[in-house]
Amino acid sequence: MKKELLFSLCFLAGTTLLSAQSNCLMGLHGGVTQSQYIRPDGAHRAFSNREPLFSANVGISLRQDFKEKFYWQTTLQYLQFGQRVVVEDNLMWGSEHDGSGGYVRDPALPHRMEYQQKTDYLTLRAGLGYYLLRTEKFGLGVMPFAEAGFFIKNKDEQRLVYDNGNVDSSSGLDYYGEREFRKVNASAGLALSFQAKVASKFDVFLAPDASYQLLAATVGNGDNSDTRRYFAMGLNAGVFYRL
């Protein structure tokens, strides 16, 4: 009787453990991020002569499903935020004027001048999600999240762009100035998750998201103050493995 009871308890514990494990997923993803440096008093003022920066990202996630409709997820990822400021999109040079009022475009000269900023972060994200739709094969979830961004480096460039796409690059500090970036910043955002089961242990997923920094990206006071922060939208694709 004792052996049967012990066996039953072991079987129940093992079944419970396997069930819990099947609800725990580890994921790898990669994707693209579109970001823009904006002011909190309104994005429209900052977009006047600015273009978003597109950059690659990569990360690893851990997700735990619970209570059928809910999940929590943590993600560690590398992100690059940035922007392009277009100073002139149709540069004209003196040598391109024929002296009679005509203009002859010279493809050997650059005709676009822009300043580009790239800021690298390692981010740690945590959120609580809810499945809007969940079946045996598919899932659609939405997750508000909080995120801590750890500053790695920043690069400012002045770029002269030729018609064929070649670029002459130099330091952009004359435009951006010397600034100290905040070592740790906080962001809030929202992520969607489209998930499909392709094998007993594997799910593939597509996850668009958007985030906004809650603190100014740089640190400064008085004339050196800068209230701008990054707003970013991303699209990630990856695979989950059921532990």
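A cavity is a set of grid points where a 1.4 Å probe fits but cannot get out, and its lining residues are those with an atom within 4 Å of one of these points. With that in hand, here are some close-up views of a model that is predicted.

**View A. Twelve named residues, from T33 to N236, line the second largest cavity**. This cavity has a volume of about 60 Å³. Around the space sit T33, N57, Q77, L79, F81, R125, D209, S211, A232, M233, G234 and N236. Two or more of the lining residues come from each of β3, β9 and β11. Strand β11 gives the largest share, with 4 residues. Sorted by class, the lining holds 4 nonpolar, 6 polar and 2 charged residues.

**View B. The largest cavity is lined by 18 residues**. Welcome to the roomiest of the 3 cavities of 30 Å³ or more; the volume here is about 180 Å³. Look for Q73, T75, R125, A191 and A207, the lining residues that lie nearest the centre. Several strands take part: β2, β3, β5 (138-161), β8, β9 and β11 (229-242) each bring at least two residues to the lining. The largest share, 4 residues, is supplied by β3. By class, the lining is made up of 7 nonpolar, 8 polar and 3 charged residues. R125 is worth keeping in sight, as this residue also appears in the lining of the second largest cavity.

**View C. R112 and E51 meet in a salt bridge between their side chains**. The N to O distance is 2.8 Å. R112 belongs to strand β4 (residues 112-134) and E51 to strand β2 (residues 50-66), so this pair ties together parts that are 61 residues apart in sequence. How accessible is R112? Its relative accessibility is 16%, and it counts as buried. Its partner E51 is partly exposed, with a relative accessible area of 31%.

**View D. A salt bridge links the side chains of R84 and E114**. Here the N to O distance is 3.4 Å. Because R84 lies in strand β3 (residues 70-88) and E114 in strand β4, the pair ties together parts that are 30 residues apart in sequence. R84 is partly exposed, at a relative accessible area of 22%. E114 is buried, at 2%.

**View E. D209 and R125 form a salt bridge**. Their closest N and O atoms are 3.1 Å apart. With D209 in strand β9 (residues 202-213) and R125 in strand β4, parts that are 84 residues apart in sequence are tied together by this pair. Are these partners buried or exposed? Both D209 and R125 are buried. Elsewhere, E51, R84, R112, E114 and R159 are joined into one network by salt bridges that share partners. Over the whole structure, a search finds 11 salt bridges. As a link back to the first view, D209 and R125 are both among the residues lining the second largest cavity.

**View F. A186 sits in strand β8 (residues 184-197)**. This residue counts as partly exposed, at 30% relative accessibility. Which residues does A186 contact, leaving aside its neighbours within four places in sequence? They are E147, Y212, Q213, L214 and L215. For scale, the C-alpha atoms of A186 and S211 are separated by 10.0 Å, and the two residues are 25 residues apart along the chain. S211 may look familiar, being one of the residues that line the second largest cavity.

Definitions and conventions. Residues are numbered from 1 along each chain as its sequence is written. This is a predicted model: local features need pLDDT of at least 70, side-chain atom pairs count only at pLDDT 80 or more; totals for chains, interfaces and linings use all residues. Side-chain values use heavy atoms; hydrogens and water are left out. A salt bridge is a side-chain nitrogen of Lys or Arg within 4 Å of a carboxyl oxygen of Asp or Glu. Buried means under 20% relative accessible area, exposed over 50%, partly exposed in between (1.4 Å probe, protein chains only). Contact means heavy atoms within 4.5 Å. On a 1 Å grid over the protein atoms alone, a cavity is a set of points where a 1.4 Å probe fits but cannot get out, and a pocket is an open set with protein on both sides within 12 Å along at least five of seven lines; lining residues have an atom within 4 Å of a point. Grid points are joined across faces, edges and corners, and a volume is the space filled by probe spheres set on the points. Ala, Val, Leu, Ile, Met, Phe, Trp, Tyr, Cys and Pro count as nonpolar, Asp, Glu, Lys and Arg as charged, and the others, Gly among them, as polar.
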